[in-house]
Amino acid sequence: MRDFLVAAVCMHSEPGEVEKNLERMESFVHEASERSAGAVLFPELSISGYTLKEPEKIYDVARSRMILQKIVRLAHDAKLIIMAGMVEIAQEGRQHITHAVAGPDGLLGLYRKTHLSPPEKEKYSEGDSLEVFHEGGLHFGLELCYESHFPEISTVLCLKGAEILFMPHASPRGNPEEKMKSWLRHLPGRAFDNGVFVVACNQVGKTKEGLSFPGVILALDPQGRVLESYSGMEETMVFVGLKAEVLQETRAHRMKYFIPHRRKDLYKDLVS
């Protein structure tokens, strides 16, 4: 890993107002580029907005591809990594909750949410792959909102080489202070147990569908300590410096890095 500056965004995304959402995202990307950030993390479904009503009608397959092309061009022009959420329209079957990952040299991949909340299962299909992305010496994985409650996902991604876990959310429960308290109960464990940086952000504001998202950003170092945080009801972008030496120090310490000492022979019940 190398030293790396990440911009994490709390953003209001109105369902269906794709052009408006993209315009706001472009503004954040330009600011991040001007401040020499290497990546911008947007919330879950930041492009399309979070919807449980009729996601299949939000746009068609052709429009979905055009949106993806725009994100790729924006990452190329800004010379940074963009992680942005969208409803991915399927040719057949239900849609996916997808996070697009694009870098200066093109599309790095699409991460389709593998663990859906009970309401989401009624409208979306689950992805079936836990991916680690590689770009410019960085190795990172994604967990979308509800997925952060499954410790196994974080461990699998770290076993595959992830050094940073990005966790974009669209979580409407509680006010900003309550949401921060919730995140501080479980996200430090994901960082500490796996010796990995964690950067999480949420949508913010009330949408026309009646959901109200508390604005929260939280960044943690590989020992579970808070690097940066935000809680409020305004759109904002927080810059987080991730230091390679902090990761190296944690993983070189025999009492701070637990992954190498796992007893795989005892964990068979996890997949039974």
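Ser154 counts as buried, because its relative accessibility is 0% (buried means under 20% relative accessible area, exposed means over 50%, and partly exposed is in between, with a 1.4 Å probe and protein chains only). Ser154 belongs to helix H4, residues 151–159. Helices here are DSSP runs of H or I with at least four residues, strands are runs of E with at least two, and both are numbered from the N terminus. The side chain of Ser154 makes a polar contact of 2.6 Å with the side chain of Glu143. What's a polar contact? It's a pair of N or O atoms within 3.5 Å; within protein, one has to be able to donate a hydrogen and the other to accept it, and residues adjacent in sequence count only if both atoms are side-chain atoms.

A quick word on the model: it is predicted, so local features need pLDDT of at least 70 and side-chain atom pairs count only at pLDDT 80 or more, while totals for chains, interfaces and linings use all residues. Residues are numbered from 1 along each chain as its sequence is written, and side-chain values use heavy atoms, with hydrogens and water left out.

**A histidine in a strand**

His99 is another buried residue, with a relative accessible area of 0%. You'll find His99 in strand S4, residues 96–103. Its side chain reaches the backbone oxygen of Met83 at 3.4 Å.

**Rings that meet**

How many aromatic pairs does the structure hold? There are 6. Rings of Phe, Tyr and Trp (its six-membered ring) pair if their centres lie within 6.5 Å; planes under 30 degrees apart are stacked, over 60 edge-to-face, and the rest tilted.

Take Tyr50 and Phe213: their ring centres are 6.1 Å apart and their planes stand at 75°, so this pair is edge-to-face. Tyr50 sits in the loop between strand S2 (39–41) and helix H2 (61–78), and Phe213 in strand S11 (residues 212–213), so the pair ties together parts that are 163 residues apart in sequence. Are these two rings buried or exposed? Tyr50 is buried at 6% relative accessibility, and Phe213 is buried at 0%.

Tyr146 and Phe150 make an edge-to-face pair too, with 5.5 Å from centre to centre and 70° between the planes. Tyr146 is partly exposed at 29% relative accessibility, and Phe150 is partly exposed at 26%.

Elsewhere, ring pairs join Phe133, Phe140 and Phe166 into a cluster. Phe239 has a charge for company: the charged end of Arg35 sits over its ring, 3.8 Å from the centre (to count, NZ of Lys or CZ of Arg must be within 6 Å of the ring centre and within 35 degrees of the ring normal).

**Two residues with a positive phi**

Most residues other than glycine have a negative phi, and most peptide bonds are trans. Here are two residues that have a positive phi without being glycine:

| Residue | Phi | Place | Relative accessible area |
|---|---|---|---|
| Ser36 | about 65° | loop between H1 and S2 | 61%, exposed |
| Leu45 | about 55° | loop between S2 and H2 | 1%, buried |

**An enclosed space**

Rolling a probe the size of a water molecule over the atoms shows where empty space is left. On a 1 Å grid over the protein atoms alone, a cavity is a set of points where a 1.4 Å probe fits but cannot get out, and lining residues have an atom within 4 Å of a point. Grid points are joined across faces, edges and corners, and a volume is the space filled by probe spheres set on the points.

The count comes to 1 cavity of 30 Å³ or more, and about 30 Å³ of space lies in the largest cavity. Which residues line the largest cavity? They are Leu22, Met25, Glu26, Lys70, Ile71 and Leu74. Helix H1 (18–34) and H2 each supply at least two residues of this lining. By type, the lining divides into 4 nonpolar, no polar and 2 charged residues (Ala, Val, Leu, Ile, Met, Phe, Trp, Tyr, Cys and Pro count as nonpolar, Asp, Glu, Lys and Arg as charged, and the others, Gly among them, as polar).

**Across the chain**

Asn202 is in strand S9, residues 197–202, and is buried at 0% relative accessibility. The C-alpha atoms of Asn202 and Pro172 are separated by 8.8 Å, with their positions 30 residues apart along the chain.

Terms used: On a 1 Å grid over the protein atoms alone, a cavity is a set of points where a 1.4 Å probe fits but cannot get out, and a pocket is an open set with protein on both sides within 12 Å along at least five of seven lines; lining residues have an atom within 4 Å of a point.
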